[in-house]
Amino acid sequence: MVRYDPAADRWTRVAGMATSRFGLACVGVGRHLYAVGGAGPLEILATTARYDTVADAWEPRAAMSAPRCDLAAAVLGGQVYATGGRTAGQALATAERYDPAADLWESIADMRTPREDFAAVALGGHVYAIGGCSDDHGPLSSSERYDPAV
């Protein structure tokens, strides 16, 4: 893994994750990066790993309730929201919320549309899922909003 220093315009090698993966989501909370889900060489993963940017070290954290790759994640109020993705060739509508302080995942309301390979962003107290692909791998031009207060 590498880290970019924009002031020095330089890339530096840092500690790598214990598990190689692709199709994961990665978000930052404070001084930590969270790598969520994805796929390894032989399986789709439910795992979460946390990178400490000061200690330059990765550590395992609580796993999601279900494996998912090609998911999207966003941070809202210090919580990590992992949404959609796919498992076993099927797009997912399910979503989970992670509390970094408690190291605990919980299920939240499903999205209306199963989607994979999409973007998620937190804005104005909501999490938005934007675009992506459906179960038949057709492109989606839709978006939807999750309100954690509801």
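Two strands count as paired if DSSP finds at least two bridges between them. The exercises below apply this and related criteria to a predicted model.

**Exercise 1. Pairing in the sheet that holds strand 8**

Determine whether strand 8 and strand 11 pair in the parallel or antiparallel sense, and place both in their sheet.

*Solution.*

Step 1. Strand 8 covers residues 79-83, and four bridges join this strand to strand 11 in the antiparallel sense. Because two bridges are enough for pairing, the criterion is met.

Step 2. One position within these strands can be located by residue: Ala82 stands opposite Glu96 in strand 11.

Step 3. The sheet is open and consists of four strands in the order 7-8-11-12, with antiparallel pairing. Strand 7 and strand 12 stand at the edges with a single partner strand each, so one side of each has no neighbour in the sheet. From one strand to the next, the twist averages 25 degrees.

**Exercise 2. The sheet of strands 3 to 6**

State the strand order of the open sheet that contains strand 3, and identify the edge strands.

*Solution.*

Step 1. The order is 3-4-5-6, and these four strands pair in the antiparallel sense.

Step 2. Strand 3 (25-29) and strand 6 are the edge strands, each pairing on one side only.

Step 3. On average, and with direction ignored, neighbouring strands of this sheet are turned by 25 degrees against each other.

Step 4. Five bridges connect strand 3 to strand 4 (residues 32-36) in the antiparallel sense. Val29 has His32, in strand 4, as its bridge partner.

**Exercise 3. Cysteines without a disulfide**

Explain why Cys26 and Cys69 form no disulfide, and classify each as buried, partly exposed or exposed.

*Solution.*

Step 1. A disulfide is a covalent bond between the sulfur atoms of two cysteines. The cut-off applied here is a sulfur pair within 2.5 Å.

Step 2. For Cys26, the closest cysteine sulfur belongs to Cys69 and lies 16 Å away, which is too far for a bond.

Step 3. For Cys69, the closest cysteine sulfur is that of Cys133, at 12 Å, and this distance is also too far for a bond.

Step 4. The search of the whole structure accordingly returns zero disulfides.

Step 5. With a relative accessible area of 47%, Cys26 is partly exposed. Cys69 is buried, its relative accessible area being 0%.

**Exercise 4. Two aspartates with positive phi**

Give the phi values of Asp103 and Asp117, and locate each residue in the chain.

*Solution.*

Step 1. Most residues other than glycine have a negative phi.

Step 2. Asp103, which is not a glycine, has a positive phi of about 50 degrees. This residue is found in the loop between strand 11 (95-99) and strand 12 (104-108).

Step 3. Asp117 likewise has a positive phi, near 55 degrees. The position of Asp117 is in the loop between strand 12 and strand 13 (119-123).

Step 4. Both residues are classed as partly exposed: the relative accessibility is 25% for Asp103 and 46% for Asp117.

**Exercise 5. Salt bridges across the chain**

Describe the salt bridges of Asp103 and of Arg86, and state which parts of the chain they link.

*Solution.*

Step 1. Side chains of opposite charge can pair when their charged atoms come close. The cut-off is a nitrogen-to-oxygen distance within 4 Å, and the whole structure contains nine salt bridges.

Step 2. Asp103 and Arg61 meet at 3.6 Å, N to O. The pair links distant parts of the chain, 42 residues apart: the loop between strand 11 and strand 12 holds Asp103, while strand 6 (residues 57-61) holds Arg61.

Step 3. Asp103 and Arg61 also belong to a network of salt bridges with Arg50 and Glu59.

Step 4. Arg86 forms a salt bridge with Asp70 at 2.8 Å, N to O. Here strand 9 (residues 86-87) supplies Arg86, and the loop between strand 6 and strand 7 (72-76) supplies Asp70, 16 residues apart. Asp70 is buried at 14% relative accessible area.

Step 5. Arg86 also meets Glu116, at 3.5 Å, N to O. This pair, 30 residues apart, links strand 9 with the loop between strand 12 and strand 13, where Glu116 lies. Glu116 is buried, with a relative accessible area of 2%.

How values were computed. Residues numbered from 1 in each chain as written. Predicted model: local features only at pLDDT ≥ 70, side-chain atom pairs only at ≥ 80, totals over all residues. Heavy atoms only, no water. Buried < 20%, exposed > 50% of the residue type's maximum accessible area, 1.4 Å probe, protein only. Salt bridge = Lys/Arg side-chain N within 4 Å of Asp/Glu carboxyl O. Axes fitted to C-alpha atoms, helices over the stretch in contact; angles between N-to-C directions.
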